[in-house]
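Reader: Hello! I am new to this structure and would love a close look at one part of it.

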Amino acid sequence: MTKPPLTLYLAAPRGFCAGVDRAIKIVEMALEKWGAPVYVRHEIVHNKFVVDGLRAKGAVFVEELEDCPEDRPVIFSAHGVPKAVPAAAARRQMVYVDATCPLVSKVHIEAQRHSDNGLQMIMIGHAGHPETIGTMGQLPEGEVLLVETPADVAHVEVRDPEKLAYVTQTTLSIDDTAEIVAALRARFPAIVGPHKEDICYATTNRQEAVKAMAQKCDALLVVGAPNSSNSRRLVEVGAKNGCRYSQLVQRAENIDWRALDGISSVGITAGASAPEVLVNEVIDAFRARYDVTIETVETAVENVEFKVPRVLREPA
Ligand code: 0CH
Ligand code: SF4
């Protein structure tokens, strides 16, 4: 039986970013250095395949530091942690390694710096997301005000409108965040912030690539996990930019083939925490059903790499 023709547009860049790559390597190095079990506070990155792979090697994933025994090393996830977490680990004399992405740490430092300069902080982010909890947790409870939407800006109660600064989560929608920043600047003209926002290079590039392909695909599949904020934003960017069917898939087995009936082009991308092996699995699933032609839609070339500590040291 002849297979129907299908064009697969592959977004570039897609998948792992430098921060994710570094965080996973840190867990692997810790397992080599200290042996199993090594504890990881929260999923090292939001991907079940990655987490299951590390678990098979001896990593134990927990949500809270209190769930770790004191005599085993613990790693903090790429999303960052409130200051209270390393402080508690130090108090308990635990060995810990912080795998927070350096671009998230940079935001933490900014929040602290603005606060030291007497500015009240506003965080643009998603309530309950570990990165938002970590960044807000750089300052004492109640010090950072959270804004999630342009509508929130109207209700936020600040101490002094002349003494304000904002930071953002690194994985937000570029366009939605621009609207929130515009609303903040309109209400608080003196507010201090980064040039635009703190959205990182990887988030920016993956969203740009999706924008470039959204209109020419009958469907867009984003390989990523439901709890991966940056992956979910890619689905939204696809839909907002003209793709009629924009869907998150964890693996090939999750593809709803009936929904794809009659299509002739599909865009594929992957969130920053989704491994390329899962993208290949999806491509292979299409090859099994269609006569596939692959076209790459490249909107940026990435060469960012973050150093992994050469030796993992026990904190003094
Ligand atoms: O996109 P989120 O922040 O949910 O996290 P992820 O899917 O684990 O991707 C890596 C980003 C980590 C922190 O920026
Ligand atoms: Fe770092 Fe950006 Fe990757 Fe987050 S998405 S880990 S901020 S590079």
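Reader: How many Å apart are the mean positions of the positive and negative charges of the chain?

Author: Happy to help! This is a predicted model, in which local features need pLDDT of at least 70 and side-chain atom pairs count only at pLDDT 80 or more, while totals for chains, interfaces and linings use all residues. Residues are numbered from 1 along each chain as its sequence is written, chains are lettered from A and ligands numbered from 1 in the order in which they are written, and side-chain values use heavy atoms, with hydrogens and water left out.

Now to your charges: the chain has 34 positive and 42 negative ones, and their mean positions are 3 Å apart. Here Lys and Arg count as positive and Asp and Glu as negative, with His and the chain ends not counted; each charge is placed at NZ of Lys, CZ of Arg, CG of Asp or CD of Glu.

For the setting, the C-alpha atoms fill a box of roughly 65 × 55 × 30 Å along the principal axes. About 14,800 Å² of the chain is exposed, and carbon and sulfur atoms supply 50% of that area (Shrake-Rupley method, 1.4 Å probe). Of the 316 residues, 50% count as buried, meaning under 20% relative accessible area with a 1.4 Å probe, protein chains only.

The chain is divided into domain 1 (5-16 + 201-298), domain 2 (18-101) and domain 3 (103-187), with bounds from an automatic or database domain assignment. Between domain 1 and domain 2, the C-alpha centres lie 30 Å apart. In domain 1, 13 residues are in contact with eleven residues of domain 2, where contact means heavy atoms within 4.5 Å.
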